[in-house]
Amino acid sequence: MSIRWPFFKKKKKKTTELTEDIPKHVAIIMDGNGRWAKRRGLPRIAGHKEGMDVVRDIVIAATESGVEILTLYAFSTENWRRPKAEVDFLMKLPKEFMHVYLPEMIENHVKIDTIGEFKGLPDHTRDAINHAKEKTKDNKGLILNFALNYGSRNEIVKAVKEISNHVNTGTLKIENIDEELFSSYLYTKNIGEPDLLIRTSGEVRLSNFLLWQLAYTELWFTNELWPDFNEELFEKAMIDYQARKRRFGGI
């Protein structure tokens with residue numbers, strides 16, 4: 001993997017097509033690393049390494065576009081079923097990513113956050129992420145939110161259990177339970193729901209990602225594998241988003 005410096009210094013060609021209607025929160029299912037590597041006769045981990053650099057590029061694009069929150073589906077609860085060697089490598093990527101790019105993120109006010117079952121991650125993975133969170137906790141720029149050990153069904157079941165416990169202990173009344181309250185028990189309670197979801201690799205499904213939160217999110221799919229995704233495609237997704245009319249069930 002080649003390290004591409006500096007982080008935010010490269011200026012891409014601007015378009016006049018983007019308007020002020022920028023999605024506040026963009027979520028991405030980063031799919032296709034393994035297939036990208038296989039097509040080139042490389043081990044799957046090579047695709048994951050290349051995909052790590054693409055994260056860097058898309059953070060640039062999101063920052064320049066005015067996006068406030070970027071949530072990336074980095075590792076699902078189902079990904080533990082993959083071969084141990086691949087899982088072990090994926091658990092090392094956060095440390096490598098932060099080692100390469102954290103200084104530039106700090107300089108450019110990016111704030112690192114996560115959603116998911118954080119305690120279920122290896123110690124070295126948690127340590128790297130906690131270090132990044134601590135170093136960027138006061139930053140006021142883009143929130144770069146990694147979904148790690150995340151599964152939406154697990155998140156919903158967890159919320160139901162917590163709500164049930166509060167009802168049983170008398171700290172919550174059943175009649176006070178509504179959609180807003182339920183949302184406050186989810187990992188995304190502080191960042192809200194995505195306005196735009198992007199999925200790469202040609203798959204057209206949600207794969208247990210933000211099922212509650214995506215109820216009225218605009219969906220955008222591309223056949224490009226994640227390592228081939230770039231700033232131009234990200235901008236195209238933004239332009240397509242701006243051409244849509246979000247009615248939220250109304251007229």
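1. Let's start with a pair of neighbours. Asp-57 and Arg-56 form a salt bridge, and their closest N and O atoms are 2.7 Å apart. Keep in mind that this is a predicted model, so treat what follows as a reading of a prediction. Are the two partners buried or exposed? Asp-57 is buried, because its relative accessible area is 7% and buried means under 20%. Arg-56 counts as buried too, at 4% relative accessibility.

2. Now look at helix 2, which covers residues 44-65. This helix has 22 residues, and from its first C-alpha to its last it reaches 31 Å. That is close to the 32 Å expected at 1.5 Å a residue. Follow the chain just past helix 2 and you come to Gly-66, which takes a positive phi of about 95°.

3. Next, a salt bridge in helix 3 (residues 84-107). Here the side chains of Asp-88 and Lys-84 meet, at 2.7 Å from N to O. How far apart are Asp-88 and Lys-84 along the helix? They are 4 residues apart, so about one helical turn separates them. Lys-84 is exposed, with a relative accessible area of 62%, whereas Asp-88 is partly exposed, at 32%.

4. Helix 4 (residues 123-136) has a salt bridge to show you as well. Arg-126 pairs with Asp-123, and the closest N and O atoms are 2.6 Å apart. Since these two residues are 3 apart in the helix, they are separated by about one helical turn. Arg-126 counts as partly exposed, at 21% relative accessibility. Elsewhere, salt bridges that share partners join Asp-31, Arg-35, Arg-199, Glu-203 and Arg-205 into one network. How many salt bridges are there in total? The count comes to 15.

5. On the surface, have a look at a patch of negative charge. Which residues gather there? They are Asp-178, Glu-179, Glu-180 and Glu-193. Take Glu-180 as one of them: it lies in helix 6, which runs over residues 179-183. Glu-180 counts as exposed because its relative accessibility is 67% and the cut-off for exposed is over 50%.

6. Gly-192 sits in the loop between helix 6 and strand 5 (196-199). This glycine is partly exposed, with a relative accessible area of 29%. Try finding Leu-121 from there: Gly-192 and Leu-121 are 71 residues apart in sequence and 24 Å apart in space, C-alpha to C-alpha.

7. Here's another pair to find. Asp-113 has its place in strand 3 (residues 111-115) and is partly exposed, with a relative accessible area of 27%. In sequence, Asp-113 and Ile-129 are 16 residues apart, while their C-alpha atoms are 8.2 Å apart in space.

8. Last, some backbone angles that deserve a second look. Most residues other than glycine have a negative phi. Ser-207 is not a glycine, but its phi is positive, at about 50°. Leu-210 has a positive phi as well, near 50°. Where do you find them? Ser-207 lies in the loop between strand 5 and strand 6 (218-221), and Leu-210 is found in the loop between strand 5 and strand 6. As for their surroundings, Ser-207 counts as partly exposed at 29% relative accessibility, whereas Leu-210 counts as buried at 1%.

Methods: Residues are numbered from 1 along each chain as its sequence is written. This is a predicted model: local features need pLDDT of at least 70, side-chain atom pairs count only at pLDDT 80 or more; totals for chains, interfaces and linings use all residues. Side-chain values use heavy atoms; hydrogens and water are left out. Patches are made of residues with over 30% relative accessible area and no salt bridge: like charges are joined within 9 Å, nonpolar side chains (Val, Leu, Ile, Met, Phe, Trp, Tyr) within 5 Å. Accessible areas come from the Shrake-Rupley method with a 1.4 Å probe; for residues, only the protein chains shown count as cover. A salt bridge is a side-chain nitrogen of Lys or Arg within 4 Å of a carboxyl oxygen of Asp or Glu. Lys and Arg count as positive and Asp and Glu as negative; His and the chain ends are not counted. The place of a charge is taken as NZ of Lys, CZ of Arg, CG of Asp or CD of Glu. Buried means under 20% relative accessible area, exposed over 50%, partly exposed in between (1.4 Å probe, protein chains only). The expected span of a helix is 1.5 Å times one less than its number of residues.
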